Amino acid sequence: MSATLNLAQQQAVNHLHGPCLVLAGAGSGKTRVITHKIARLIQAGLAPERIAAITFTNKAAAEMRERARGLIGRDAQKVLICTFHALGVRLMRQDGAVLGLKPQFSILDSDDVTGILKDCGGTTDAATARQWQWTISLWKNSGLNAQQALAAAKSEDERLIATIMARYEERLSAYQGVDFDDLIGLPLKILAEHPEVREKWQAALGHVLVDEYQDTNATQYEVLKHLVGSRARLTAVGDDDQSIYGWRGATLDNLKKLPQDFPQLQVIKLEQNYRSTSAILRAANNVIGPNPKLYPKTLFSELGEGEPVRVTDADNEEHEAERLVARIQSLRETSPHKAWRDFAVLYRANHMAKPLEKALRRAQIPYKVSGGQSFFDRAEIKDLCAWFRLWVNPDDDPAFLRAVTSPKRGIGHQTLQSLGTFAGKYRLSLFGALFSHSLPSALNARAVGGLHEFGRFVNDQQYRARHTHGAEAARAFMTDWLKDIGYEQHLRDGEDNDKVAAARWNNVIEFCDWMAGRAGGEIEDMSGASEMSTTQTSPGIASPRKSLLEVAQTISLLSTLNERDTDPDMVTLSTLHAAKGLEWPHVMMVGVNEGLLPFRLDEAENPDAEDAGEVPAGGPAMSDATLQRLQEERRLMYVGITRAQRTLAVSWTRRRKKGRQTLAALPSRFIAEMALDTATVREDPREKLRALRAEFAKKAQAAGAAAAGVEP
Ligand code: ATP
Ligand code: MG
């Protein structure tokens, strides 16, 4: 094992009994340290169930699980490799009772939260509600509850949001629902306030490893401290230059705090990059150069100079996409890395995927979009999930409202409103109100009849789902259920375009197959939250066959944290944020323009900046906030560049669409900061592809002629 680790990595891997921090640049083998250390700990006698390795995205967790499996085989299944959020879910399912939380609580997605906030704040404007949501989330992430937020509020606006937050909190506890921030905040509360639970977890976990440590926020750090306790069997790896979640409350303070909170901390630095060629690494080092450093570091690579980094410009987004397709095709003809999965296209914002998707489809190149709208965000899938959530937790009001109206079953808006008022008055959930003896006093008999019928149907389905085990039974169950609710017809009624309706129905089928696969244990649970049994005392892995209800329990978490499939052979389209920690032989970054990367830097302070498009060179001094944003954007550029193993191409467009307008656009300042040789800059991949094809055609002709015994 050690043959494939350098000395510093070995040191980190062999430091078993105390806290250890690996602080190092991109591609230096930090994640490798984590996977090898898992193996080392098991070799040293620690049971795999007692190891937790925490990452930031499900995709990263899946990747880590894959790497661990390569090293230690089946034992990797038993290690708790998951995201902070999945760990939170596990803790809450097991020990949430101390906060009055039932194990079958619901995880509300962002849309549910917006809906509830609209209601709590008495607005119909989604943008306003989302603004509140954002603020509340920041408060929660810095450990404030509504009361504390109110006490700390500095403006009228903040006071208003804090009061709405109080109502929101009440609502959530009535629903037995938790939002995403609660998945960290509530475990912290449990661990901090309940020593018996804390001790249980500390005893259960023999070592905790954290990847991408630079992106932890204050709450996550506190959770971590409680989990490891004074024994501090902790390995954290991170890179301050890749901290890209400052906007979500991640704080580099956590890097600084570690040596203070754990004086015995062993700090290890890695300097060799094993991922990228020197040309790519030089561009990365140049870009990150201007940022302030937590500690000095320079990465070197021994993989040789490699292909120069390419910069291309294009007329507009469509042209850029065409060029990108041509580049992929030409690389496939020349590079030893030819599989579709060897290519990734990275961009700053989700909407930028669209022109790329169109061009890739036209060229019949298989691709997947990661970090964007997930399969689970589609309306039809959310409808089905609402039913599952309702089976799991009948008190989940947002799920109730969605299920009762998808498809519509003659229960009208008026009825639902009255039911809501009634439920509010008696402090019941909507489902709970359904069977209340006094409901007939509030609603007419027909409405009550309709509601009762719905309630009985849900109960009946829930009972059956609990007793449905294995893939085949699950598939049969879902087929019947979809027929019973008339879901296919519902899709056709709601959609004028037959093709769209058919595509949506296909999604439903695909989803049901996937659920069935999970019930049969054929598909592994990517959330790391696979078993949510309440009786279990130490984190471990569930039996492979599950009841459909158990499968349904894990859905809400997966649905928002997304990433359901393992890596099929496809080109990856991804936001820069979602690409963190991953690597591909060929990386293409598109839309590397001012205003996109860095993203709308000056908007707040200088609204004209985008039109003028000027990069202030020694111009007006930037505010601290803008400077910090610029630095974070620069780190994002650094993350993008350092995903590339063999080739990197960066492109920008001379014009960009903004709403209905097309505006002149400028290359990102980060392109200049890469300090490339100008000779390498312009090259039209379409030209190259044409030349290549002509050459191949000539060769093929010659070969064909030779085979036929004719002189060309
Ligand atoms: P990032 O900062 O992007 O998360 P990282 O520091 O986690 O990167 P890894 O992903 O662990 O880096 O490693 C980068 C690549 O280098 C991987 O393909 C890994 O297998 C390889 N690698 C790491 N260390 C070594 C080594 N000692 N010998 C050979 N290959 C290595
Ligand atoms: Mg990594």
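In helix α10, the residues I190, L191, A192 and E193 meet P195, V197, R198 and W201 of helix α11. Sorted by class, the residues of this contact are six nonpolar, no polar and two charged. The model I am showing is a predicted one, so please keep that in mind for everything that follows.

Staying with this pair, α10 covers residues 182-193 and α11 covers residues 195-204. Their axes are 5 Å apart, and the packing angle is about 100°. Angles of 65 to 115 degrees count as roughly perpendicular, and α10 and α11 are therefore roughly perpendicular to each other.

Now the chain as a whole. It has 30 helices and 18 strands. Of its 712 residues, 54% are buried. The accessible surface is about 31,000 Å², and carbon and sulfur atoms account for 51% of that. On contacts: taking those between residues at least 6 apart in sequence, 80% join residues at least 24 apart.

Next, the sheets. I will take two of them, starting with the one that holds β1. What is the strand order in this open sheet? It reads β3-β2-β6-β7-β1-β8, six strands with parallel pairing. The edges are β3 and β8, the latter being residues 266-270. Each of these has a single partner strand, so one side of each has no neighbour in the sheet. From one strand to the next the twist averages 15°.

Let me look at the β3 edge. Strand β3 is residues 80-83, and both of its faces are covered. L80 and C82 are on one side, I81 and T83 on the other, and all of them are buried. So β3 lacks a neighbour on one side within the sheet, while its two faces are covered. Its partner is β2, residues 51-55, which runs parallel to β3 and is joined to it by four bridges. In that pairing, T55 has T83 of β3 as its bridge partner.

Further along the sheet, β1 (residues 20-24) pairs with β7 (residues 234-238), again in the parallel sense and over four bridges. V22 is bridged to V237 in β7.

Two helices lie across this sheet. Helix α1, residues 7-14, lies across β1 and β8 and runs at about 150° to β8. Helix α12, residues 218-228, lies across β2, β6 and β7, where β6 is residues 207-210. The angle of α12 to β6 is about 155°.

Now the other sheet. This one is also open, with six strands in parallel pairing, and the order is β11-β16-β15-β12-β14-β13. Which strands stand at the edges? They are β11, residues 310-314, and β13, residues 367-370. Each has a single partner strand, so each is left with one side that has no neighbour in the sheet. The average twist here is 20° from one strand to the next.

At the β11 edge, five bridges join the strand to β16, residues 644-653, and the two run parallel. The bridge partner of T312 in β16 is S651. Helix α28, residues 624-641, lies across β12, β15 and β16. Relative to β15, which is residues 584-589, α28 runs at about 140°.

Last, a second helix pair. Helix α17 is residues 379-392 and helix α22 is residues 445-466. Their axes come within 9 Å and cross at roughly 80°. That again falls in the range of 65 to 115 degrees, and α17 and α22 are therefore roughly perpendicular to each other. The contact involves W387, L390 and W391 from α17. From α22 it involves F454, F457, V458, Q461, Q462 and A465. The class count is seven nonpolar, two polar and no charged residues.

One residue from that contact to finish on: W387, which sits in α17. Is W387 buried or exposed? With a relative accessible area of 0%, W387 is buried, because buried means under 20%. What does W387 touch, leaving aside its neighbours within four places in sequence? From α22, there are F454, F457 and V458. The others in contact with W387 are A403, S406, R409, W481 and I485. One distance as well: W387 and V404 are 17 residues apart in sequence, and their C-alpha atoms are 8.6 Å apart in space.

Key. Residues numbered from 1 in each chain as written. Chains lettered and ligands numbered in written order. Predicted model: local features only at pLDDT ≥ 70, side-chain atom pairs only at ≥ 80, totals over all residues. Heavy atoms only, no water. Buried < 20%, exposed > 50% of the residue type's maximum accessible area, 1.4 Å probe, protein only. Pairing = 2+ DSSP bridges. Contact = heavy atoms within 4.5 Å. Areas by Shrake-Rupley, 256 points an atom, 1.4 Å probe, with all protein chains shown as cover. Axes fitted to C-alpha atoms, helices over the stretch in contact; angles between N-to-C directions. Parallel < 35°, antiparallel > 145°, perpendicular 65-115°, else oblique. Nonpolar A, V, L, I, M, F, W, Y, C, P; charged D, E, K, R; others polar.
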